[in-house]
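User: I am new to this structure and would like to learn how to read its features. Where should I begin?

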Amino acid sequence: MEARHVEYAIIGVGTAGLGAFSRVRRETDSVVLIQHGPYGTTCARVGCMPSKMMIVAADLAHAIDGGSYFGIDGQYQVNGKRLFERIHQDRAEKFVGGVMKYVNSINDKFKIEGQATFVDPQTIDVDGRLQIKADKIILACGSTPYVSPVFEPLRNELDTSDTIFELDELPQSLAVVGLGVIALELGQAFHRLGVKTTLYGRSGRIGSFTHPDMQREVLKTMAQELDIIPQGQFTEATKVADGYELTYRTAAGEVVTRTYERVLLASGRSSNLRTMNLENSGLVLDGRGLPLYDPLTMQCGDAPVFISGDATEDLPLWHEAYIEGRIAADSAIHFPARKEGKRTPGMGIYFTDPQMASVGAAHADLDPEQIVIGQARMRGPRHEIYNDQRGMMQVYADKGTGTLLGAEIFGRGAEHMAQTLVLAIEHGLSVDEILQMPVYHPSLEEVMKGALDKAQSKLK
């Protein structure tokens, strides 16, 4: 078996791994990238980009459906074949193509393809043909869709976010398993493109909001458009002549049995570290079986091992992977000295309709006795112009200092309000200071100002 020794081994060539490589490469040539599976990053191949291409098409169809209110009547026909041809082409040329241009610019001597597993704390095996001894290891191996035991026998036949965009045509019917970001975005998109779609939850929670009122608002609003069964569990999944027969028991005990042409498993993703023989790594693992790490350094305990991106299962977001890859690289470069990186306030956006956005601290993580809540419904002048007054938002401010701590936003324009508020949180602004900034009239952000006004009145 071939053996090599390097200073740095980076496992994974996604957003986090490439970011780490670009940083380490400035310091040394003694580095290798190890990739299992296709290049192109999760975001570009099966995540952010193809999903938004589908959502844009679905929202266009939905806008035409609602045109009569504005005096515009239109007719259209959804061409599933052309829809997926466009996704395949644009994904390959514009998004994965952009990533591959950089990957292909990396000298082949730095790239190794194969499944990486731990032999011992500083030795990585690649497909049983190569062993790499590394002084420092950066784990950026990403994640794969989670498949629950009831669906395991059909794993290779059912769709996940890793395979759904490979379709050539829209199905007649679709079951979506999950009520998180992937499930809601894609479930709504397929529904709006004419696919008979049902979304199944497990716990009754929907989306990422933690305030009970926001949770109720989301479920009530989304259920007006979508067929959602929010709480229960699947008990059986069987392949039948015309698709897949699913049996689901609701929280109330009702048994629901339906047949769908396709099934989309969208109930989260699982770290690829689970396939790396972590028992040989010498790392201290948490209750999930993943390495304990310091989020300010991304270092795993005291070991010369650093983690980043989706591999942690904590913040599966492109911008977090980008930040963490560079923090992990800087920590590895300075090891054994401790080198803290700069973390940014949390931000997550669902491109559903209405949109959902969370910024800063979640309500569930705040002391209710130490904060004030400013709440406003999406009823500003611009929302009225759009004939879209669905949703509401909350902002959370420190009762003593007035500093903005977080926000949960549900409604049209949520993505833009989130960008404004996360900047305010990053710079430690108080509610009073944010309200000194101008808000244009009429704009969607007037609702944001209304929520801040409510918080300000409580602070006074």
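**Reading the salt bridges**

Analyst: Start with one residue: Arg258 counts as partly exposed, because its relative accessibility is 31%. Keep in mind that this is a predicted model.

User: With which residue does the side chain of Arg258 meet in a salt bridge?

Analyst: A salt bridge is called when a side-chain nitrogen of Lys or Arg is within 4 Å of a carboxyl oxygen of Asp or Glu. Here the partner of Arg258 is Asp227, at 3.0 Å from N to O. Arg258 belongs to strand 14 (residues 255-260) and Asp227 to strand 11 (residues 227-229), so the bridge ties together parts 31 residues apart in sequence. Asp227 is partly exposed too, its relative accessible area being 31%.

User: How far apart in helix 4 are Lys94 and Asp90?

Analyst: They are four residues apart, which means a separation of about one helical turn. Their side chains form a salt bridge of 3.6 Å, N to O. Lys94 is exposed at 53% relative accessibility, whereas Asp90 is buried at 11%.

User: In the salt bridge of Lys111 with Asp108, is Lys111 buried or exposed?

Analyst: Buried means under 20% relative accessible area. Lys111, at 18%, therefore counts as buried. Asp108 is exposed, with 59%. The closest N and O atoms of this pair are 3.4 Å apart.

User: How many salt bridges are there by this rule?

Analyst: The count is 34. Some residues are linked in a network of salt bridges, among them Asp59, Arg192 and Glu225.

User: Which residues make the nonpolar surface patch of about 310 Å²?

Analyst: Leu60, Ile64, Tyr76 and Val78 make this patch. Val78 sits in the loop between helix 3 (48-65) and helix 4 (80-105).

Conventions
Residues are numbered from 1 along each chain as its sequence is written. This is a predicted model: local features need pLDDT of at least 70, side-chain atom pairs count only at pLDDT 80 or more; totals for chains, interfaces and linings use all residues. Side-chain values use heavy atoms; hydrogens and water are left out. Patches are made of residues with over 30% relative accessible area and no salt bridge: like charges are joined within 9 Å, nonpolar side chains (Val, Leu, Ile, Met, Phe, Trp, Tyr) within 5 Å. Accessible areas come from the Shrake-Rupley method with a 1.4 Å probe; for residues, only the protein chains shown count as cover. Helices (H or I, at least four residues) and strands (E, at least two) are DSSP runs, numbered from the N terminus. Buried means under 20% relative accessible area, exposed over 50%, partly exposed in between (1.4 Å probe, protein chains only).
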